[in-house]
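Student: Hey, could we look at this one together? I'd like to start with the empty spaces inside.
Tutor: Sure, let's pull it up.

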Amino acid sequence: MLYSKNIRIIARLDIKAPNLIKGIHLEGVRVVGDPQAYAEQYYLEGADELLYIDAVASLYERNSLVEIVKKTASKVFVPMTVGGGIRSSHDVQRLLDAGADKIAINTAAVKNPQLIKELSRTFGAQCIVLSVDAKQTSEKTWEAYIDGGREKTGVDVIEWVKMAQELGAGEVLLTSVDREGTRKGFDLDLIKQTTAAVDIPIIASGGMGSLSDFDSIVVDGGADAVAMAHVLHYNQISLPQIKEHAKEKGINVRPE
Amino acid sequence: MSGLNKKVTIVNYNTGNIYNVARAIVCAGGDPIITADPAEILKADRLILPGVGAFKYCADQLGAKDLISILKKFVGTERPLLGICVGMQMLLEGSTEFSYTKGLNLIPGTVDNIKATECAYLKIPVFGWYKIQVQKSGDTFMNLEKYNEKYFYFVHSYRAFLKNKTNVFATYHAGGEDIPAIIGQENVMGCQFHPEKSGKVGIEMIADFLNI
């Protein structure tokens with residue numbers, strides 16, 4: 001094998017309960033269908049992990065997300081990460097009890113970075129994923145966005161992930177706001193800079209359009225995992241296709 | 001053999017993703033019973049000891065619920081016990097995480113940091129999908145050969161160091177080391193990975209456990 005690290009292929013499902021949705025540039029939303037049905041299909045097709053992101057993330061809609069997670073957990077037996085509007089240990093515990101294995105936090109962590117430390121201490125670093133929505137501001141810099149990619153923060157992405165690692169985040173989910181939903185490929189520079197800056201695993205998300213995008217983000221970018229949504233939900237590329245392709249390129253992935 | 005029922009009791013001691021384990025058991029065709037009650041545990045047809053997080057915390061919780069002697073008594077009945085993740089690690093003599101903590105001492109060996117060996121480039125915790133290599137050693141109460149080279153989901157920073165090779169039923173390769181993935185002795189078995197998170201092959205393994 002050319003490249004010996006085990007790369008995880010993650011099916012990403014953005015939720016506006018009770019629906020699975022898809023957006024472009026993290027706004028402009030289209031309903032795709034029933035999240036559980038898609039989740040189960042991706043699981044059966046070989047997704048290594050599932051990622052549920054609650055796009056609405058309001059306090060009042062939390063129960064619907066918990067229900068979706070619970071129902072999915074009774075059919076899907078690979079690791080599940082859930083994010084969107086998580087603000088406290090209580091939120092985390094509810095989702096873990098419902099069946100989530102990891103949780104992703106963004107807005108609440110930017111507003112109060114110590115939350116990362118608190119959650120990491122309580123639940124373990126491997127349970128805490130820092131979700132970063134990154135928008136390019138200059139050739140080599142990116143700014144972190146919060147609140148579903150709507151609000152700018154002035155926070156430099158690279159500095160932010162370094163701080164989050166120190167505070168105990170176990171992984172980074174890095175979404176390119178510029179590329180998300182476009183299928184024009186991942187932001188390779190963004191990934192490269194981030195993987196160089198921290199030791200914790202990086203999940204690249206946003207922009208997967210073709211099979212060769214997958215290779216470049218892993219081999220050139222150094223990503224540890226690749227999350228994809230658009231191509232899967234619209235049946236443009238299938239999980240078995242990606243796995244077959246990875247095998248041909250000498251990239252280590254779980255076969256089934 | 002426990003007969004035709006598919007009941008399996010999961011020890012509930014305030015740690016571990018017991019609901020995920022229970023859901024996986026249901027998917028595998030089993031009947032999960034979650035309990036911390038010593039009497040219930042002692043009469044279980046099969047027992048699962050889950051465990052996630054720090055060894056010391058898990059061991060303390062077991063102690064706090066007076067379950068250590070109960071578990072040892074259960075093992076004495078020769079009915080099957082399966083430890084998962086930290087539940088597997090607790091089958092050993094003890095762990096060096098945060099200073100020495102005693103385990104159940106059912107299988108000779110200790111638990112130490114994965115980095116206690118030379119694998120410098122390995123990121124800790126080790127997590128992700130790894131394929132296991134089933135060893136020819138020992139007699140096991142389950143046919144493990146079919147799981148050779150199959151992928152399972154691991155997440156851990158500490159690993160088992162077994163005194164006897166015959167207690168190592170399967171390993172996985174990471175950081176230049178062969179790390180114990182499945183260990184066992186007589187009616188006791190443990191897996192470092194999470195079968196309830198290892199997809200179809202994990203469910204299959206749980207289904208096999210239900211048949212013992």
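Tutor: This is a predicted model. The second largest cavity in it has a volume of about 60 Å³.

Student: Okay, which residues line the second largest cavity?
Tutor: From chain A there are A:Tyr43, A:Gly46, A:Val78, A:Arg254 and A:Glu256. Chain B brings in B:Ser198, B:Gly199, B:Lys200 and B:Val201.

Student: And where does the largest share of that lining come from?
Tutor: H6(B) supplies it, with three residues. By class, the lining splits into three nonpolar, three polar and three charged residues.

Student: How many cavities of 30 Å³ or more does the structure hold?
Tutor: Three. The largest has a volume of about 100 Å³, and 14 residues line it. Among them, A:Gly206, A:Gly207, A:Met208, A:Ala229 and A:His230 lie nearest its centre.

Student: New topic! How many residues of chain B are in contact with chain A?
Tutor: On the chain B side it's 21, and they meet 31 residues of chain A. Together the two chains bury about 2000 Å², with 58% of that on carbon and sulfur atoms.

Student: What's the count of salt bridges between chain B and chain A?
Tutor: Just one. B:Lys197 pairs with A:Asp101, and their closest N and O atoms are 2.7 Å apart.

Student: Which element of chain B gives the most to the side that touches chain A?
Tutor: That's H1(B), with five residues. The residues on that side of chain B are eleven nonpolar, five polar and five charged.

Terms used
Residues numbered from 1 in each chain as written. Chains lettered and ligands numbered in written order. Predicted model: local features only at pLDDT ≥ 70, side-chain atom pairs only at ≥ 80, totals over all residues. Heavy atoms only, no water. Contact = heavy atoms within 4.5 Å. Buried area = accessible area lost by both parts, 1.4 Å probe. Salt bridge = Lys/Arg side-chain N within 4 Å of Asp/Glu carboxyl O. Helix = DSSP H or I, 4+ residues; strand = E, 2+ residues; numbered from the N terminus. Nonpolar A, V, L, I, M, F, W, Y, C, P; charged D, E, K, R; others polar. 1 Å grid on protein atoms, 1.4 Å probe; cavity = no way out; pocket = protein on both sides within 12 Å on 5 of 7 lines; lining within 4 Å. Points joined across faces, edges and corners; volume = space filled by probe spheres on them.
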